[in-house]
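Please look at the sequence and the structure shown below. The paragraphs that follow go through the strands, the cores, some unusual backbone positions and a pocket.

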Amino acid sequence: MRRFAALLAALAVGLLAPGEPARATENGEFSLQPVRPVDTPQRERSYVVRTVAPGIGFDDRLEARNLTDAPLDLVVEPVDAVVTADGSFAPGTTTTAEGGWLRVTPERLRVPARGSVRVALRVDVPADAAPGDHIAAVVVRKAETPSGPGVHVVNRVGVRVYLTVTPPAAPTPRRAFEFRALRWTGERTFAADVANVGDLLVEPLGTLTIARGDFATTVEVPVLGTVPPGAVTTLPVRSDGSLERGTYEARLRLQLVQGGEAQEQRVTFTVAGAASTDEEDDGLPWLPVLVAVAALALVVGFAVRRRI
């Protein structure tokens, strides 16, 4: 029976019970409450209430008050907390859960008679904190060390800490592409390999320049097609007209119709058998002429012989 009584008297905690109006928690000797402007809502003047994202920290301030006519040595410490089956808020004595997210400075106070001392509270939410509500507490107690056997009452008061952790922000969808290769396929037609490396559809367009020596021609290339996320698509690129025989360089510069930076690829290609050489263009076609002259001579000779 004495052991049971000792367990009941081990902790006398001055945190609010369910349904009790929010106010500074006290036990007749000392109290603890957040530092707030007078026009702050009552609940926020009694509790630390925040909505935070994983990996985010914030600072707050608490105030310990001495309600007696003699100085008090107090200890301020963060602790884990739970909500019991009957809805009561129950601070614990460990910091293995959300209590470990809290730090207070200083931890030991000497508070003058009828005076107060402020305490800095730092809360760091872990980056892997689960979304949802999390609770902890900051409690204050006398710094006295019990001596001798028997039942020792540790009288604590404290401030609830309610933290609502929001889900991690979804990454912003991005529209991005890679222009990976350009190939000559003949007849002034090219193939462009475009990879969609983003999360949204991409539609490339741009300019095509074909050059050889002093010759250059540039055409605007309309939207080549639509490439879905994760796909690599070969898009046909065509340029009107024909090219004389020779070696050329083509330069295709692409960007998305939605905007953004341009990317460029080049390819060197050769056009063969499209036109005659300069040597073939000079002078007359002698062989056909000679054949025609010989045929004409035969006809004339035959006519002359018949007259004779």
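In this predicted model, valine 83 stands opposite phenylalanine 89 in strand S7. The two strands concerned, S6 and S7 (residues 89-91), run antiparallel and are joined by 3 bridges. Between them the hairpin has 5 residues, and glycine 87 takes a positive phi near 90 degrees there.

S6 has other partners too. With strand S11 (residues 132-142) it is joined by 7 bridges, and the sense is antiparallel. Aspartate 80 can be used to find this pairing, as it stands opposite alanine 136 in S11. Strand S9 (residues 108-111) also pairs with S6 (residues 72-83), again in the antiparallel sense, over 4 bridges. Here leucine 72 is found opposite valine 111 in S9.

On either side of S9 there are loops with a backbone feature to look at. Proline 106 sits in the loop between strand S8 (102-105) and S9. A cis peptide bond, with omega about -5 degrees, joins threonine 105 to proline 106. In the loop between S9 and strand S10 (116-124) lies arginine 114. Arginine 114 is not a glycine, yet its phi is positive, at about 55 degrees. Most residues other than glycine have a negative phi, and most peptide bonds are trans. Is arginine 114 buried or exposed? Its relative accessibility is 53%, so arginine 114 counts as exposed, the cut-off for exposed being over 50%.

The next topic is the interior. The largest nonpolar core has 28 residues, and those with the most contacts inside it are Leu62, Leu102, Leu121 and Val138. Strand S12 (residues 154-165) gives the largest share of this core, 5 residues. Which residues does leucine 121 touch? Leaving aside residues up to four places away in sequence, leucine 121 touches Val48, Phe58, Asp59, Asp60, Leu62, Leu102, Arg103, Val104 and Val138. Apart from the largest core lies another core, of 24 residues, with Phe177, Leu243, Leu254 and Leu256 among them.

Leu254 and Leu256 also appear in strand S18 (residues 246-256), where the side chains alternate. Gly246, Tyr248, Ala250, Leu252, Leu254 and Leu256 point to one face and are buried. Thr247, Glu249, Arg251, Arg253 and Gln255 point to the other face and are not buried.

S18 pairs with strand S15 (residues 204-212), to which it is joined by 8 bridges in an antiparallel arrangement. One position to look for is leucine 205, which stands opposite glutamine 255 in S18. S18 also runs antiparallel to S19, and 9 bridges join these two strands. Arginine 253 is placed opposite glutamate 264 in S19. The hairpin of S18 and S19 has 6 residues between the strands, and in it glycine 259 takes a positive phi near 100 degrees.

Going back along the chain from S18 leads to the loop between strand S17 (232-238) and S18, where glycine 241 lies. Glycine 241 counts as exposed because its relative accessibility is 58%. How many residues apart along the chain are glycine 241 and arginine 188? They are 53 residues apart, while their C-alpha atoms are separated by 7.6 Å.

Arginine 188 leads to the second largest pocket, which holds about 190 Å³ of space. It is lined by 11 residues, and the closest to its centre are Trp184, Glu187, Arg188, Leu243 and Val271. Strand S13 (177-186) and strand S19 (263-271) are the elements that give two or more residues to this lining. By type, the lining divides into 5 nonpolar, 4 polar and 2 charged residues.

Glu187, named in that lining, has a backbone feature of its own. Glutamate 187 is located in the loop between S13 and strand S14 (189-196). Its phi is positive, at about 55 degrees, although glutamate 187 is not a glycine. Glutamate 187 is exposed because its relative accessible area is 74%.

Last, consider the chain as a whole. Its secondary structure comes to 4 helices and 19 strands. The chain has 308 residues, of which 33% count as buried. Among contacts with a separation of 6 or more, 67% are between residues 24 or more positions apart.

How values were computed
Residues numbered from 1 in each chain as written. Predicted model: local features only at pLDDT ≥ 70, side-chain atom pairs only at ≥ 80, totals over all residues. Heavy atoms only, no water. 1 Å grid on protein atoms, 1.4 Å probe; cavity = no way out; pocket = protein on both sides within 12 Å on 5 of 7 lines; lining within 4 Å. Points joined across faces, edges and corners; volume = space filled by probe spheres on them. Nonpolar A, V, L, I, M, F, W, Y, C, P; charged D, E, K, R; others polar. Pairing = 2+ DSSP bridges. Core = buried A, V, L, I, M, F, W, Y, C linked by side-chain atoms within 4.5 Å. Buried < 20%, exposed > 50% of the residue type's maximum accessible area, 1.4 Å probe, protein only. Contact = heavy atoms within 4.5 Å.
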